[in-house]
Amino acid sequence: MIYKVDLNSDLGESFGAYNIGMDEKIIPLISSANVACGYHASDPVVMLRTIERIKAAGAQIGAHPGFPDLMGFGRRNMSISLEEAKAYTLYQIGALGGMCRASGIKLQHVKAHGALYNMAAADYSLSKAICEAIAAFDPNVIVLGLSGSETIRAAEDCGLRVAREVFADRGYNEDGSLVNRNKEGAFIHDENEAVSRVVRMVKEGKAQAITGKDISIRADSVCVHGDGEKALLFVERIRGTLKEAGIEVCGLGDL
């Protein structure tokens, strides 16, 4: 059996004089990049610079729209209408998509960010509004969403292609949702454990929840964070282990 998986990372999150992450070092190791669109992070100069780096590395590019919350980095829940959710999403992917077009690279996918991602994963109506915006922009764009979530269901109902995302360094609840960042077990700090979990998710379609119970999961794409202390080593380790396990790393459009 041939195994393939995408490696994605959230990038372009610097803002003005503030530098966040290690984009230049992470980009050559991934196959897909999710670029902040100015709401939770980034600015036009950072966006354009990030697009050019991704293009030069030959990776695929996606928009990473979030809540309009620079101070909270888009990780605080917000109460917005479905009309606002659709408009916010369209505004952000339109901005990044326009820059991609000017730079001669195709916008491959869209992945919601932070609180918007987690809220949409559990809320079909919110996911539908986001997916309607994506479909209006370009019906060929891939929706990258949490495996088993309402986001995936809504995207399919909108006739969009989907890619199911899993996380190497995050804990799971029994329902397949991510453990809240403020709770114990939200993060996996042991690199060996994180890497072995990725291989198991790809090959066996299983992951262990924080309760110890195995849950079913489908892994089309693995999110690797690029802003931690050991981010670079972590990504290198995952990529190397996937190769050793006979798992090919490729972009979402090649799955």
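**Gln-60, Leu-70 and the nonpolar core**

In this predicted model, the side chain of Gln-60 comes to 3.0 Å from the backbone nitrogen of Leu-252.

Me: What makes the approach of the Gln-60 side chain to the side chain of Asp-254 a polar contact?
Reply: The distance between the two side chains is 3.4 Å, and because a polar contact requires a suitable pair of N or O atoms within 3.5 Å, this pair qualifies.

Me: Why is Gln-60 called buried or exposed?
Reply: Gln-60, which belongs to strand E3, has a relative accessibility of 16%; since buried means under 20%, Gln-60 is therefore counted as buried. Leaving out residues up to four places away in sequence, Gln-60 touches several residues, among them Ser-31, Ile-54, His-109 and Gly-251.

Me: Why is Leu-70 called partly exposed?
Reply: Its relative accessible area is 41%, and because the partly exposed class lies between the buried limit of 20% and the exposed limit of 50%, Leu-70 falls into that class. Leu-70 sits in the loop between strand E3 (60–64) and helix H3 (82–103), and together with Phe-15 and Tyr-18 it makes a nonpolar surface patch of about 320 Å².

Me: Which residues have the most contacts inside the largest nonpolar core, and which helix gives the most to it?
Reply: The largest nonpolar core has 70 residues, and Leu-96 and Tyr-172 have the most contacts inside it, while helix H7 (residues 191–204) gives the most to this core, with six residues. Beyond its neighbours within four places in sequence, Leu-96 is in contact with residues including Val-35, Met-47, Ile-51 and Leu-107.

Methods: Residues numbered from 1 in each chain as written. Predicted model: local features only at pLDDT ≥ 70, side-chain atom pairs only at ≥ 80, totals over all residues. Heavy atoms only, no water. Core = buried A, V, L, I, M, F, W, Y, C linked by side-chain atoms within 4.5 Å. Buried < 20%, exposed > 50% of the residue type's maximum accessible area, 1.4 Å probe, protein only. Helix = DSSP H or I, 4+ residues; strand = E, 2+ residues; numbered from the N terminus. Contact = heavy atoms within 4.5 Å. Patch = residues over 30% accessible without salt bridge, like charges linked within 9 Å, V, L, I, M, F, W, Y side chains within 5 Å. Areas by Shrake-Rupley, 256 points an atom, 1.4 Å probe, with all protein chains shown as cover. Salt bridge = Lys/Arg side-chain N within 4 Å of Asp/Glu carboxyl O. Polar contact = N/O pair within 3.5 Å; in protein donor to acceptor, adjacent residues only side chain to side chain.
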